[in-house]
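Please open the structure in your viewer and keep the selection tool at hand. The stops below go one by one, each with something to select and something to look for.

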Amino acid sequence: MKKRIAPIAGVLAALAALALPMSAQAHRAWLAPTSTVLSGTDAWVGFDAGMSNGVFIPDHAAMNLAGLTITAPDGSTAAPANAMVGKYRSTFDLHLTQAGTYRIANVSGGVMVTYKQGGESKRWRGAEVDMSASIPPDATEVVATRSNSRTETFVTLGEPSAVTLTNQGIELLPVTHPNDLVAGEAATFKLVRDGQPAADMEVIIARGGTRYRDNPEEMTVRTGADGSFTVTWPEAGMYWMNAAIRTPASGSRMAYSAAYNGVVEVLP
């Protein structure tokens, strides 16, 4: 797993709630690049990240980018530049210096535990490895939920390259490369959950630019047994994809909550 950058300075404490899975919130999370396909030997791309009612419309809250991880084509970790946090959006730039595909993802995860101690309701959140030592031995009605949230996009300099998975949470496994999408053509992807096919999962797909449209132009598809789904893009533009899952606790297995938010650009 790639090393994450340090939290961007100035992120408001009130935005800590954004570390929760996106499916648990009414607003949509997105990470949108200014360009996704570039040529030459180096280039710059800007990014906006926010939480909003409509995708790519910064009208609610900036995204907490404490879990931002940028994976370069060679597998190394790249650093953002010029990071800022505003009222409604977070922004940063990325200098592309390698040919191939960059994976830009904001990831959060861990375990949340609710329990009672002496009749008082309490809650703990942290890493799974710290859970057993952090819950008091006299705790009762203990309920633990493991969560993972990923909001990501892809940018390619020159020829596209393969995308490597982390096998944590819900991830997009390209069959059609995410930077090789054309209006009117079908594209196929796979969703995996902790590295395994995510079968029969609902995927919501929405095109940006809804501010001036009466019709939100959303599509809903379901993954097959192998986690695959196919989309025929109706027209060019920036698209947002979302999938989420919740499973209850069963026996010794804790409850599970995961969400995926992906952004791709479809070219004319």
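The tour begins with confidence and then moves through strands, an aromatic pair and two cores.

**Confidence.** This is a predicted model, so begin by colouring the chain by pLDDT, whose mean over the chain is 88, with 90% of the residues reaching 70 or more. Now select residues 1-25, where the pLDDT is below 50, although this stretch has 53 contacts in the model beyond near neighbours in sequence. Where pLDDT is low, the predicted coordinates should not be read in detail.

**Strand S1.** Next, select residues 28-33, which make up strand S1, and note that six of its six residues are buried. In a regular strand the side chains alternate between the two faces of the sheet. On one side of S1 you will find Arg28, Trp30 and Ala32, and on the other Ala29, Leu31 and Pro33, with all of these residues buried. Add strand S3 to the selection, and you will see that S1 and S3 pair in the antiparallel sense over six bridges. Within that pairing, proline 33 has phenylalanine 47 of S3 as its bridge partner.

**An aromatic pair.** Keep phenylalanine 47 selected and add phenylalanine 92, for these two form a stacked aromatic pair, with 4.8 Å centre to centre and 10° between the planes. Why does this pair tie together parts that are 45 residues apart in sequence? The reason is that phenylalanine 47 lies in strand S3 (residues 43-52), whereas phenylalanine 92 lies in strand S8 (residues 90-96). Phenylalanine 47 is buried, with a relative accessible area of 2%, and phenylalanine 92 is buried as well, at 1%.

**The largest nonpolar core.** Move on to Leu172, Leu191, Ile205, Phe229 and Trp233, which have the most contacts inside the largest nonpolar core, a set of 25 residues. Strands that each supply at least two residues of this core include S12 (170-174), S13 (186-193) and S15 (202-207), and you can add S17 (228-232), S18 (237-247) and S19 (255-266), which do so too. The largest share, five residues, comes from S19. Now centre the view on leucine 172 and show its surroundings: leaving aside residues up to four places away in sequence, leucine 172 touches Glu152, Phe154, Leu165, Phe189, Lys190, Leu191, Phe229, Met241 and Tyr260.

**A separate core.** Finally, select Ala29, Ala43, Ala78 and Phe92, which are among the 22 residues of another core, lying apart from the largest one. Two of these names are familiar from earlier stops, since Ala29 was met on one side of S1 and Phe92 in the stacked pair.

Definitions and conventions
Residues are numbered from 1 along each chain as its sequence is written. This is a predicted model: local features need pLDDT of at least 70, side-chain atom pairs count only at pLDDT 80 or more; totals for chains, interfaces and linings use all residues. Side-chain values use heavy atoms; hydrogens and water are left out. A nonpolar core is a set of buried Ala, Val, Leu, Ile, Met, Phe, Trp, Tyr and Cys residues joined through side-chain atoms within 4.5 Å. Buried means under 20% relative accessible area, exposed over 50%, partly exposed in between (1.4 Å probe, protein chains only). Helices (H or I, at least four residues) and strands (E, at least two) are DSSP runs, numbered from the N terminus. Contact means heavy atoms within 4.5 Å. Rings of Phe, Tyr and Trp (its six-membered ring) pair if their centres lie within 6.5 Å; planes under 30 degrees apart count as stacked, over 60 as edge-to-face and the rest as tilted. pLDDT is the predictor's confidence in each residue, from 0 to 100. Two strands pair if DSSP finds at least two bridges between them.
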